[in-house]
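Please read these points with the chain open beside you. They take up a few places in the fold, one at a time.

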Amino acid sequence: MAQTLTEFDTIAAISTPIGEGGISIVRMSGEDAVKIANEVFKGADLSKVPTHTIHYGHIIDPDTGKTIDEAMVTVLCAPKTFTREDIVEINCHGGIVVTNHILQLLLSHGARMADPGEFTKRAFVNGRIDLTQAESVMDIVRAKTDKARQVAVGQLAGGLLHKIKAMRQEILNTLANVEVNIDYPEYDADTVTAKQMADTANSVIKKIDHLLKTAQEGKILRNGLATAIVGRPNVGKSSLLNYLTQSDKAIVTDVAGTTRDTLEEYVSVKGVPLELIDTAGIHHTDDKVEKIGVERSKKALERADLVLLLIDASQDLTTEDRALLEETKSKKRIIILNKSDLGQKITAEHMKKLTGSDVISTSILKEQNLDQLEELINKLFFAGIENSNDQIMVTNQRQASLLSKAKKELQDVVKAVDDGVPVDIAQIDFTGAWDTLGEITGESAPDELVTQLFSQFCLGK
Ligand SMILES: Nc1nc2c(ncn2[C@@H]2O[C@H](COP(=O)(O)OP(=O)(O)OP(=O)(O)O)[C@@H](O)[C@H]2O)c(=O)[nH]1
Ligand SMILES: [Mg+2]
């Protein structure tokens, strides 16, 4: 472990959202957790109760003798706890004033206010979880959809950790051989070791590539898929946004050019988190305001992971439609032939042949085929993920960039060996890759990184 914790003081925080609720939980972790709780609790001698038990009683201010709240207090003794330290959880009636009062009481009796994420940090520092698991705790809390949560839970179970560990072990085994050869040059096995190193590097690169491929999906699960709804004016873009968000956020009229600015909404479509962007109809215009809107639409189109291109199926294709078909052809897209209730000049089959893209005929007005559209969005991005709960994914930028760095180091090893560079020189990058992979799990992560990472957590977690 890279960091050594010098102080194991007792920390306390409110672990439930601040506000009025059924119950609130004030949590303490550390050596003195039980002692401090015992000083303010009347109902049982907490220092004598068995671990992992819950006790009914009252929280009392010992200075005034006043009862603050009725409470259930859970005693969890180390090491089988979230932080691997003694933990006490006070379940009280909730309410901001009462909960704060209890927290203040604990603080005045020797506990220290916890930093954001400090409970999880202790779980990491005490070796109960690695960094990928710590990150997954945050992901579970923030998960916007059930699938995002599923992946995070898989990560908490150590899926990614095991993959990374196995890769490090592979490198380490080879490193051990290399060391032997460098220490006993009489073996004269330089070429053998060099080849071994290059082989291992190639094998690990393959595994890294596989994980990196999941990074895009991981990002989508975390942040949502940036989805731009585009099309020429009046084709039904805003109607689609309203349907998918089940709201009337966007103004819909039969006037072409109703939407003048991009509008963003977050929505989960069949478990796929979408960041939907409704755009101004893209067409040539001299109107000053509209022009800016069209520019913004084009920007949204550029950054989109998915494009929903709407075309009015009841009319012949216009020059603008053709231009948009051309402009979006390298993007992941679904072509929506809307207003099918008004007749169909273009069929889905024809369009499919023409473009090779997924095409669907809809009537947003009559809510026809929209369920199929949702299915299609889901299918397009999560083929294969749906039923594999143990899918291991790279879910954040930190993990992805470290994987890329390790890959680069390993590629340098392969190149060095190819170029006939001495083994002990090539070994530097080889060891570097081992370290870099260790940063992902936290085994060789610098202190600042760990601190920074946990500071993103919410208080009490
Ligand atoms: N008949 C029919 N009308 C539709 C359909 N979808 C949308 N409309 C109508 O088409 C008109 C334009 O819809 P909007 O959703 O405002 O279209 P838009 O693409 O956002 O238009 P701009 O913002 O002007 O670019 C409205 O009167 C809608 O009610 C459909 O499937 N069938
Ligand atoms: Mg609109």
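1. Is Thr81 buried or exposed? The model is a predicted one, and in it Thr81 has a relative accessible area of 7%. Buried is the word for anything under 20%, so Thr81 counts as buried. Thr81 belongs to the loop between β5 and β6. Leaving aside neighbours within four places in sequence, the contacts of Thr81 are Leu76, Ile87 and Arg128. For a sense of scale, take Leu403: Thr81 is 322 residues from Leu403 in sequence, and their C-alpha atoms are 31 Å apart in space.

2. The strands on either side of that loop can be taken next. β5 (66-76) and β6 (87-92) are antiparallel partners, paired over five bridges. One residue pair to look for is Val75 with Val88, its bridge partner in β6.

3. β5 also pairs with β4, again in the antiparallel sense, and here there are nine bridges. Ile59 is found opposite Asp69 of β5. The two strands form a hairpin with four residues between them, and Gly65 in this hairpin has a positive phi near 75°.

4. What is the strand order of the open sheet? The sheet has seven strands in the order β3-β4-β5-β6-β2-β1-β7, and the pairing is mixed. The edge places are held by β3 (41-42) and β7 (112-113); each has a single partner strand, so one side of each has no neighbour in the sheet.

5. In the same order, β2 is written beside β1. β1 covers residues 11-14 and β2 covers residues 24-29; the two run antiparallel and are joined by four bridges. Within this pair, Ala13 faces Arg27 of β2. Helix α3, residues 118-125, packs on the sheet and touches β1, β2 and β7. The direction of α3 makes about 140° with that of β1.

6. A second helix to check against the sheet is α2, residues 96-108. Helix α2 lies across β1, β2, β4, β5, β6 and β7, and runs at about 175° to β1. The student should trace both helices against β1, as the angles to that strand are given for α2 and for α3.

7. Which residues does UniProt place under "binding site"? The record, an unreviewed entry, gives Ser238 and Thr259. They span 22 residues in sequence, but their C-alpha atoms are no more than 7.5 Å apart, so they gather at one spot. Both Ser238 and Thr259 are included in the lining of the largest pocket.

8. Ser238 sits in helix α8, which runs over residues 237-245. With a relative accessible area of 7%, Ser238 is buried. Residues up to four places away in sequence aside, Ser238 touches Ala250, Ile251, Val252, Thr259 and Asp278.

9. Thr259 is placed in the loop between α8 and β9 (263-269). Thr259 is buried too, at a relative accessible area of 15%. Outside its neighbours within four places in sequence, Thr259 has contacts that include Thr279, Ala280 and Gly281. Ser238, Ile251 and Asp278 are also among the contacts of Thr259, and Ile251 and Asp278 are among those of Ser238.

10. How are the two annotated residues linked to each other? A polar contact of 2.7 Å joins the side chain of Thr259 to the side chain of Ser238.

Notes
Residues are numbered from 1 along each chain as its sequence is written. Chains are lettered from A and ligands numbered from 1 in the order in which they are written. This is a predicted model: local features need pLDDT of at least 70, side-chain atom pairs count only at pLDDT 80 or more; totals for chains, interfaces and linings use all residues. Side-chain values use heavy atoms; hydrogens and water are left out. Two strands pair if DSSP finds at least two bridges between them. Contact means heavy atoms within 4.5 Å. Axes are lines fitted to C-alpha atoms, for helices over the stretch in contact, and angles run from 0 to 180 degrees between N-to-C directions. UniProt positions are given in the numbering used here, feature names are shortened, and annotations may be inferred rather than shown by experiment. On a 1 Å grid over the protein atoms alone, a cavity is a set of points where a 1.4 Å probe fits but cannot get out, and a pocket is an open set with protein on both sides within 12 Å along at least five of seven lines; lining residues have an atom within 4 Å of a point. Buried means under 20% relative accessible area, exposed over 50%, partly exposed in between (1.4 Å probe, protein chains only). A polar contact is a pair of N or O atoms within 3.5 Å; within protein, one must be able to donate a hydrogen and the other to accept it, and residues adjacent in sequence count only if both atoms are side-chain atoms.
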